[in-house]
Amino acid sequence: MPTRRQFVAASALTAASAVSAAPAAARDAREAGEAPLAAPPARGPGREAGDRPNIVLVLADDLGYGDLGSYGQRLVATPRLDQLAAEGLRFTQAYAAAAVCAPSRCSLLTGLHGGHAAVRQNPFNGPQGSLADGDTTFAEVLRARGYRTACIGKWGFGPEEADQPSHPHYRGFEEFFGYVTHGHAHEYFPDYLWDNGEQTPLPAGSYAVDLIEERALGFIEAHAEEPFLLYLTPNIPHAPSDIPDQGRYADRPWSEADRGHAAQISRFDTLVGSVVDTLHRLGLERHTLLLVTSDNGPHEEGGVDPDLFDANGPLRGYKRNLYEGGVRVPFLAWQPGTVRRGEVSGRPTPLIDLLPTLAELAGAPAPRDVDGLSLAPLLRPAAGRGTETAPAHAHLYWYRNDPGSTARANAEDRGRILKTAEAVRREDWKAVRFAPGRDREVPDENWQLELYDLARDQGETTDLAGSHPALAAELTALLRDSWAEEYPREDYGVHVTGPALALPGEPVTVAVTFGNGSDHAWTGARLRLDVPEGWRVRPARAGGDRGRLAPGETLRRSFEVTPPAGVAAGTWRLRATGSARGAAGAALSFPAAHPVVTPPPAPTADAYLSDLPWVSATNGWGPVELDTGNGKKAAGDGTPISFGGTTYAKGLGVHAPSEIVYYLGGRAAGFTAVVGIDDFSAAQSPVGATAAEVWGDDRRLFASGTLTAAGGPRQVEVDVRGVRLLRLVVTDANGNSSFDHTSWAVARVTV
C-alpha cells in the first residue's frame, strides 16, 4: 500500500501557465512551507479572542431535550453541561434535522434539510446511505481555511471501507477514529475501531467511549498551536445501556437498562467536562467555541423508559416522531469572553445552521445553495455590542420514512410510525402529516394533516387543522414544495473523477473541477494534481483555465495518468488541490482525493473465484474476504452453498445490491456458476427476490431474470475470452431488500 510520502506533485496549473513539477506531495509541500493550503494560522495561546476560533462540536446520540439539568432533568446528574449552560448560550428551540440518526447527521454535516439532503432515511436492511458526490461538509469548508480537522466517534455513511467517497477522509476530515457504520456503533465493547483508514483490533473489554475521549483530547493537544475543528461524536446514550460502571445509579430502584442509561448520560457529561478541562489547561478556552447538541429525541430501545426521566421534557414524542419531542434537542454554545454568559435564545434554530455558522466564524466561504443560515451574530464577542439577532428561517422542514418502530413512538403517532411523515414549522405554526403508506407521491388529500400552535401549545395536544383550513392548505403547499426528488448542487471546491481501476502501463483520464459555489468571487484560481511516485501525468487538453472564478463558475481540467508497468496491486490516491483567494483576500485551498485500484495478477490456471483476490467487493459476505477480515471464514475456503437441498462445495455469498469485480486480464476463456437465493435465506423468509447479471468489461453477458427461492437457481455459462474485468452484480427485484441473500455457487473461471 503506498504511503503519503510516495506521492509526488506532477503538475501545477494556473490560468496563465502550463505544467510544472514539484518534489513533494501537496501536504508535504505545505509542511515545507511551499504552496500553503491557507493563510498561516495564528498561534494558539497568543491569539486574540476575536480571531478565528477553534471549533469543538460534540454530538450526542439520542440525547433528549429534557435529559440535561439545564433543561429540567432531575434524576440524572449533568453538572458539567449545566455549568456550560450557565456560562454560555442555551437554545430552547434548537432542532435536529430528522427524528433518526442517519438523515439527521447528513443534514448537520451538509447544511441541507431533509427535503434536499442526500441521506433522508435510515437503511431498510440494506447498505447505509452515502453522502453524494456534490455534497460539501463543514469540515471541507473549514479545511479550506487551514483548519486541522478530525471526526472522532460515530460516522455512519457509506460502506465499511477506507477508500470510498463517504469515508471521513474524503469528506474533509484529516483524522478519523471510531465507527464507520451505525450498526457497529451499537457495540460499546467492540473488537475493533477504525483508526484513520485501518481497522484496529482492541484489547478485550475496551470501552469505546473511553477510547474516543482519549483520542479527542489527544487531538486537541496535538493541534493547540493552530486552528482546529473537532467533530466529537460519542455513541452514548444510544441503546444498549452498556457501561462499565453504573456509578451513583447502581442502587436505584430502576431497571438495569434505566440505570445504565442514566450512567451513560452522566458519562457524556464527564466527557464534555474533560474537553473543557483540557481547553483550560492548554489556555485555549477563550479561543475555542464549544458546541454541544444531539442528533434526535430520546430513545426507548433496549428496555429504557424515557418517561421515567421525563426525557422529552414538556414536549410530545420521542425518537422517530416528528412531534417536538422527536426533533427538538438541547443545544449549548460556550466560549468565555465571546459568547455571552447565561444567555438564552428562543430562536427556532435547526442544526443545518451549523455549516454556514462555522464557515462565517472561520472566515471561509460557505456554499450558497445550503438551507442553513448563519448563527454567527449570536456568537460574536460580547463586549461592546448590543443585542444581535441571526436571520430567521421562513420555515423549517422535516421528513420521516423509517423502518423502525417502538411502542411509545408508535402510540404518539397513533399507529402510523411506519408510514411516511412530514412536518413543517412556519413562525409558531407547525403542521405534521402522515401518508397512507410509504409513498409520498400520493395526492395531498390522501394524507392526514394535523396543525398545532406552538406558541400556546408546545406539547402539541390540540389539533387545529379543522378550525384553520386556509392555514392548513398553505402549510400543505409548503410541505409539498420543500421536497425535491433530486437536488442538484453547484460545484463547490475540488472534485476528482476518473476510473476506479488503472491497469499497469495504460493511461486513464482523470477530470478535476474547481467550483466557486459561494456568494463571492475568488481570484488567482489554481489547480494541482499529485500522483504516486513513479506514475506519469500530463494535461489531456489545454485551455479552460481562469484566474478569477465568479460565483457559480467552475474551472475544469483533464489529465492523462499512467501507472508504471510494474505497479503493485493495491489502492492508490490521486490528490488534487485547488487554491484561490476569497473575500478580503483570504487564502483558500481545497484538497480532494480519488482512489484508484491497480488489479492483482490475472489468473494463470483454472480457479474458483473464492480462491482469487478481487478488485472490489460491495456487500460481499463470507469467503469474498480472503484476508479473513470478517473473522468468520478461513482464507480462500469458499463457503458451502445449498439450493433446494443440493449442496455445492464452494461459493460467494452476497446481499442485494452487490457487485464483486475480478481481474481476468483477457486471459480467461469461460465462466460458470449457479446463482440464486440459497436455502439459508429461504429458511428465514420466502419473500427474497433478486436479479443477477454477469458483465464482461462494458458488455452484459448474462441476466438471470427474477430469482426466488421457490423458482430455484439459474445455471451460468458464458464466454469471457478477451474480458479484462468480470463483474458479478446482484440487484433487488421486488423493492424489498430483506432476505435477499444470494449466492454464486461453484463460481469458476477456466483459462
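This dialogue goes through the fold, one sheet and the aromatic pairs of a predicted model.

Colleague: What should be known about numbering and confidence?
Modeller: The model is predicted, with local features needing pLDDT of at least 70 and side-chain atom pairs counting only at pLDDT 80 or more, while totals for chains, interfaces and linings use all residues. Residues are numbered from 1 along each chain as its sequence is written, and side-chain values use heavy atoms, leaving out hydrogens and water.

Colleague: How many helices and strands does the chain have?
Modeller: Helices (H or I, at least four residues) and strands (E, at least two) are DSSP runs, numbered from the N terminus. Here there are eleven helices and 35 strands.

Colleague: What share of the residues counts as buried?
Modeller: Buried means under 20% relative accessible area, exposed over 50%, and partly exposed in between (1.4 Å probe, protein chains only). Of the 751 residues, 59% are buried.

Colleague: Which strands stand at the edges of the sheet with the order β17-β18-β22-β20?
Modeller: Strands of a sheet pair through backbone hydrogen bonds, either parallel or antiparallel. Two strands count as paired if DSSP finds at least two bridges between them. This open sheet of four strands has antiparallel pairing. β17 (493–497) and β20 (536–539) each have a single partner strand, so one side of each lacks a neighbour in the sheet. Inside it, eight bridges join β18 (residues 508–515) to β22 (residues 554–562); Thr 513 has Arg 556 in β22 as its bridge partner.

Colleague: How many aromatic pairs are there, and how is a pair read?
Modeller: A pair of aromatic rings is described by the distance of the centres and the angle of the planes. Rings of Phe, Tyr and Trp (its six-membered ring) pair if their centres lie within 6.5 Å; planes under 30 degrees apart are stacked, over 60 edge-to-face, and the rest tilted. The whole structure holds 23 aromatic pairs. In one of them, Phe 173 and Tyr 231 have ring centres 5.8 Å apart and planes at 20°, so they are stacked. Phe 173 lies in the loop between β4 (148–154) and β5 (175–179), and Tyr 231 in strand β8 (residues 228–233), so the pair ties together parts 58 residues apart in sequence. Both residues are buried.

Colleague: Is the pair of Phe 189 and Tyr 207 stacked or tilted?
Modeller: The centres of Phe 189 and Tyr 207 are 5.3 Å apart and the planes stand at 40°, so this pair is tilted. Phe 189 is partly exposed, at 36% relative accessibility, whereas Tyr 207 is buried, at 4%.
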